[in-house]
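Some notes on this structure follow, as numbered points. Please read them with the structure open.

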Amino acid sequence: MIDFRMPSLGADMESAFLREWKVKPGDVVKRGDIIAEVETQKGIIDIEVFNDGIIGDLLVKIDEKVPVGTLMTQIFSLEEVKTEVKKSGEAEVPKEKPNIHLEVHRASPLAKRIAAEKGIDLSLVKGTGTDGAITREDVDKVVVEQTSPKATSTKTAGENIRAAVAAAMSKSNREIPHYYLQTKVDMSGVLNWLAQENKQRGVKDRLLPIAPLIKAVAKALVEIPDLNAWWENGLQRKSGINIGFVVSLRTGGIIVPAIHDADKKSVGEIMQTLTDIISRVRSLKLRSSDLSDSTITITSLGDGAVETVYGVIYPPQVALVSFGGITDQPWADNGMLGVRPVLNIGLAADHRASDGNTGNLFLTLLKNLLKKPDLL
Amino acid sequence: MSAPSVSIKLSYREALKQSLRDALKNDDRVFLMGEDVGRYGGAFAVSKGLLQEFGADRIMDVPLSESGFVGAGIGAALNGMRPIVEIMTVNFSLLAFDQIANNAATLLHMSGGQLNVPVVIRMSCGIGRQLAAQHSHSWEPLFAHIPGLKVLSIGTHEDARLMLLTALKEPDPVIIFEYTAMLNLEGEVPTDTISVDSIYAKVRRTGKDISIITYGAGVYKSLAAAAELAQIGVEAEVIDLRVLRPLDEKTIVASVTKTHRALLVEDACQSISVSSEVSARIMEKCFYELDAPVLRLCGVEVPIPYPKHLEDACIPQKEQIVTVAKKIVCHD
Amino acid sequence: MSKEEIKKRVFKALKNIAPDTEPEKLSENSNIRKSLMIDSFDFLQFIVALDNEFAIQTPEEDYGKIGTLEELTSYILEQKSKNAIS
């Protein structure tokens, strides 16, 4: 049996409102299945499970404010359920549903009737009647919320996201002593390689320059683990390299979904992941895994006139890598002056966690990796 | 029935007397018989002056023999008269219970539909005058139990003025309960006595949050409670059952279907009471409309004590009705 | 397929990618990406949408040929006629 707790969807999240259960007790789930929707400042997030199994009692009710770490349900393995069935002496009776305690709802007959008519799961309704009984009013409330889900939030999604960014960035500038480094990279190798790759790829699988850049950052972090870390009571290096990628919303604000284990993904897989998460971000249909466990952040302002970005670290991370636009610039190479597509790479790092030398090593390594894009 | 357009203020006692007078005037077959109803003017002065007005043939004093004179009333009814028999109080009615339950209630059935018994038996009832255990019974449920009877309860001045006239139109035996404690209470009664409706339960106050279902002495207390509840935003509907047998299920169900909550109030003690039956009917007919358990406020299950404060504590009072209604509606 | 119909479908694709914009108000000669603030990621989605809508696989070297609405409609017509011949 595994306890399923409210995940942390970003280090700045303290709690979320449960808006919908997508499963009921006894449902069989697979790793990656979405079992609930919660509302955070970043909007409605789909919550996924990380284990196969069978859902136990739902321990949190709709619209409850759920602090990070709160037990939401338990996931039983098939073996556990089978053993339970045997123990209860019904060994040979094939059971469709596992032997999990199902709650008898204390609800008024009227509440039950309305819930049945409207298809409301009473286990998700919080009772306010005598001894916690569910009344018509309690069910009506859920009906209203389901028909107008936004009616409950007084703030718009945009305002909430703005507030979340404001809080995280204020904390960063208040607490993190940033240092900034910058370097220039000749991108002709990468761009040529991309052009060749894209000729062989279908429209849907085409790569953007950001894909090899992310892969290169991930590879460099394998060598420089001090930048792939959190600062929480001292430096805590993280084993997985989960790159948070800043996605700006067309309506304003940013969301930073994670590309998990970027060092282990191919450039093509990174592009695929980016396509998935960016479309989920833009439609504000995020999953819990999109938002959890980032160990470093990458921001790219490649589409405008900006050459260099001086980033603000997303706490409790200790570094942020930034890309400006790729522009044609004079470039000296082997004593010859030429024109090359040049990218400015910036690094903002937490001086509590690392020193300029660490950052220098990282950027140098990154620059070298980008010289051989075919090896990424 | 159209709402009475003009009303005057009368005591409950005076309203009862006026209805008796109307009944005697309207129909020569009507006469009143009972202990001390004539020369003494009635144990509670309800028939005071009627002997002088209508004469000894129609206002008839009888010996202290409930079984005998109720039987005589039944006999008169069988022979075409329209007797109004007064049993001084419900406390003495058990002496006549055999006549009521075994004769009045059954003869239509026993005669294969040939013999109607159009007798009206009035009795005063209830507690509130410090008459102690033997003289303070609320035995409406005993009579409401018996098939063949129609059982009415006069909880308002309007009904004190009108209900007897309707009862006299019934072809079968009718028991009317009047409430001793209310005799001196003044209230509005309609001056228009022509339009007398057939009797059903009556919504005395409309509301949407809870149905307070009551009768007799509970009606005014429930109305007072409803007025207080209104001040905290709880709109209680008050239903005066009026007919305890046969129960007006339709009105009850319609009200509970609207309010989804019910509180039943009566002076009779709780076990096997009218409220027991009303509660069961609600479960049977509109269970799926209920948003809270049906609760009852009834008489305490003790012989009624003599001291005033203990007497008061034995039956539901306005404050309790408010408290319990609030608990049902607001859960606190 | 008429130019008008092509435009209609292009507008629909753009609206999907940038729901907050009004592609119908684009003038013939203004740059689509700049006018609607379409970044490189969204532009790639748009290229995918053109493939779905018109069955044309726009190669990267042709990105420069579809900057404005006028250029884009001509390009689509041209590609479609090529496809029809082959």
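1. B:Met283 is a convenient place to start: its relative accessibility is 33%, so it counts as partly exposed. The residue belongs to helix H10 of chain B. Please keep in mind throughout that this is a predicted model.

2. B:Met283 joins B:Phe287 and B:Tyr288 in a nonpolar surface patch of about 290 Å². B:Phe287 is partly exposed, with a relative accessible area of 35%. B:Tyr288 reaches 51% relative accessibility and therefore counts as exposed, the cut-off being over 50%.

3. What does the neighbouring position in the sequence, B:Glu289, touch beyond four places in sequence? Its contacts there are A:Leu110, A:Arg113, B:Val256, B:Thr257 and B:His260. With A:Arg113 there is a polar contact from side chain to side chain, at 2.8 Å. Within chain B, the C-alpha atoms of B:Glu289 and B:Val256 are 7.2 Å apart, although 33 residues separate the two along the chain.

4. B:Glu289 sits in the loop that runs between helix H10 (274–286) and strand S14 (295–299) of chain B. Is this residue buried or exposed? Its relative accessible area is 15%, which is under the 20% cut-off, so B:Glu289 is buried.

5. For chain B as a whole, the secondary structure consists of 12 helices and 14 strands. The chain has 332 residues, and 56% of them count as buried. Its accessible surface is about 13800 Å², with 55% belonging to carbon and sulfur atoms. Among contacts in chain B with a separation of 6 or more, 81% are between residues 24 or more positions apart.

6. On aromatic residues, the count is six pairs over all chains. One of them is B:Phe97 with B:Phe143, edge-to-face, at 5.1 Å centre to centre and 80 degrees between the planes. B:Phe97 is in helix H4 (residues 97–104) and B:Phe143 in helix H6 (residues 140–144), so this pair ties together parts of chain B that are 46 residues apart in sequence. B:Phe143 is buried at 0% relative accessible area, whereas B:Phe97 counts as partly exposed at 22%. B:Phe287 and B:Tyr288 also form an edge-to-face pair, with 5.1 Å between centres and 85 degrees between planes. Ring pairs further link B:Phe97, B:Phe143 and B:Phe177 into a cluster.

7. Salt bridges number 42 over all chains. In chain A, one joins A:Asp63 and A:Arg19, with the closest N and O atoms 2.7 Å apart. This pair links distant parts of the chain, 44 residues apart: A:Asp63 is in the loop between strand S6 (53–55) and strand S7 (65–67), and A:Arg19 is in strand S2 (residues 15–21). A:Asp63 is partly exposed, at 24% relative accessible area.

8. In chain B, B:Lys202 and B:Glu158 form a salt bridge at 3.2 Å, N to O. B:Lys202 lies in strand S9 (residues 202–205) and B:Glu158 in helix H7 (residues 157–167), so the bridge ties together parts 44 residues apart in sequence. Both B:Lys202 and B:Glu158 are buried.

9. Another salt bridge joins B:Asp159 and B:Arg242, at 2.7 Å from N to O. B:Asp159 is in helix H7, while B:Arg242 is in the loop between strand S11 (236–240) and strand S12 (243–245), 83 residues apart. B:Asp159 is buried at 1% relative accessible area, and B:Arg242 counts as buried at 3%. A network of salt bridges links B:Glu158, B:Asp159, B:Lys202, B:Arg204, B:Asp240 and B:Arg242.

Conventions. Residues are numbered from 1 along each chain as its sequence is written. Chains are lettered from A and ligands numbered from 1 in the order in which they are written. This is a predicted model: local features need pLDDT of at least 70, side-chain atom pairs count only at pLDDT 80 or more; totals for chains, interfaces and linings use all residues. Side-chain values use heavy atoms; hydrogens and water are left out. Helices (H or I, at least four residues) and strands (E, at least two) are DSSP runs, numbered from the N terminus. Buried means under 20% relative accessible area, exposed over 50%, partly exposed in between (1.4 Å probe, protein chains only). Contact means heavy atoms within 4.5 Å. A polar contact is a pair of N or O atoms within 3.5 Å; within protein, one must be able to donate a hydrogen and the other to accept it, and residues adjacent in sequence count only if both atoms are side-chain atoms. Accessible areas come from the Shrake-Rupley method with a 1.4 Å probe; for residues, only the protein chains shown count as cover. Patches are made of residues with over 30% relative accessible area and no salt bridge: like charges are joined within 9 Å, nonpolar side chains (Val, Leu, Ile, Met, Phe, Trp, Tyr) within 5 Å. A salt bridge is a side-chain nitrogen of Lys or Arg within 4 Å of a carboxyl oxygen of Asp or Glu. Rings of Phe, Tyr and Trp (its six-membered ring) pair if their centres lie within 6.5 Å; planes under 30 degrees apart count as stacked, over 60 as edge-to-face and the rest as tilted.
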